[in-house]
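Visitor: Please show me the model, and let me ask how its labels are justified.
Guide: Here it is; ask as we go.

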Amino acid sequence: MKLSQEHRVKWKDTDIVFHPIGIIHSEHTEHENTPVQGIFNPSVGYIEIFDEFKEGLVDIESFSHIYAFYFFHRATGKNLVQKPFLDGEKERGIFAIRHFNRPNPMGMSIMELLSVDDTILKVSGVDVLDGTPLLDIKPYVRQFDHRDEVKCGWVDNQHMDDIAEWNSTPKELRNRERVKK
């Protein structure tokens, strides 16, 4: 396959600018004590949408889950390899893990939408720091987003049953003895 140099030249050093549409509020204030994935911790938080984006919330309450896309405003570097929190034994490529220290520090989480009150969304499964800038929201649509027969790389070899029972924060995961089953 011949790849186009035109696109590479056009985009390689181009700045792409995003502006927050809101703020994610949570009980989490330190990286070390923030859940590594919302599915492991039903932490409740709030998404505050700025008034000028209020109209974009029409019908959002009819969905049970949303994707929240956000900027890791407290990332501490831009690494291409990193030890993932769920497996602190081996460094892996940043594009094979979900760590916040990325070339473009953006993240996404699936959160349960509990309620909507004007421009405030109450959500569960919050795994981000308080004050995180929100870039976008999309509805989770089972018919589009669910896949059968999915391979999850190195994550398939982790002992998820044990991890789900722990307080799955970076601090607690480092304190646990990791035993492969």
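Guide: This is a predicted model. Asp 118 forms a salt bridge with Lys 54, and their closest N and O atoms are 2.6 Å apart.

Visitor: What makes the pair of Asp 118 and Lys 54 a salt bridge?

Guide: The term asks for a side-chain nitrogen of Lys or Arg within 4 Å of a carboxyl oxygen of Asp or Glu. The closest N and O atoms of Asp 118 and Lys 54 are 2.6 Å apart, so the pair qualifies. The structure holds one salt bridge.

Visitor: Which parts of the chain does the pair link?

Guide: Distant ones: Asp 118 is in the loop between β6 and β7 (120–124), while Lys 54 is in the loop between β2 (44–49) and β3. The two residues are 64 residues apart.

Visitor: Why is Asp 118 called partly exposed?

Guide: Partly exposed lies between the limits of under 20% for buried and over 50% for exposed. Asp 118 has 44% relative accessibility, so it counts as partly exposed. Lys 54, at 41%, therefore counts as partly exposed too.

Visitor: Why is Gln 82 called buried?

Guide: Its relative accessible area is 17%. Buried means under 20%, so Gln 82 is buried. Gln 82 lies in strand β4 (residues 81–82). Leaving aside neighbours within four places in sequence, Gln 82 is in contact with residues including Lys 90, Arg 92, Ile 97 and His 99.

Visitor: What makes the approach of Gln 82 to Asn 79 a polar contact?

Guide: The side chains of Gln 82 and Asn 79 make this contact at 2.5 Å. The cut-off for such a pair of N or O atoms is 3.5 Å, so the distance satisfies it.

Visitor: How do you know that β3 pairs with β6?

Guide: Pairing requires at least two bridges between the strands. Seven bridges join β3 to β6, so they pair, and they run antiparallel. Phe 69 stands opposite Met 108 in β6.

Visitor: What joins β3 to β8?

Guide: Five bridges join β3 to strand β8 (residues 132–139), so these strands pair as well, again antiparallel. Ala 68 stands opposite Ile 137 in β8.

Visitor: Why is β3 described as mostly covered?

Guide: Strand β3 (residues 65–71) has seven residues, and five of them are buried.

Visitor: What makes Leu 114 eligible for a nonpolar patch on the surface?

Guide: Patch residues need over 30% relative accessible area. Leu 114 has 40%, so it passes that limit, and it counts as partly exposed. Leu 114 lies in strand β6 (residues 106–117). Val 44, Tyr 46, Leu 114 and Ile 120 form the patch, with about 300 Å² of accessible area together.

Note on methods
Residues numbered from 1 in each chain as written. Predicted model: local features only at pLDDT ≥ 70, side-chain atom pairs only at ≥ 80, totals over all residues. Heavy atoms only, no water. Patch = residues over 30% accessible without salt bridge, like charges linked within 9 Å, V, L, I, M, F, W, Y side chains within 5 Å. Areas by Shrake-Rupley, 256 points an atom, 1.4 Å probe, with all protein chains shown as cover. Helix = DSSP H or I, 4+ residues; strand = E, 2+ residues; numbered from the N terminus. Buried < 20%, exposed > 50% of the residue type's maximum accessible area, 1.4 Å probe, protein only. Polar contact = N/O pair within 3.5 Å; in protein donor to acceptor, adjacent residues only side chain to side chain. Contact = heavy atoms within 4.5 Å.
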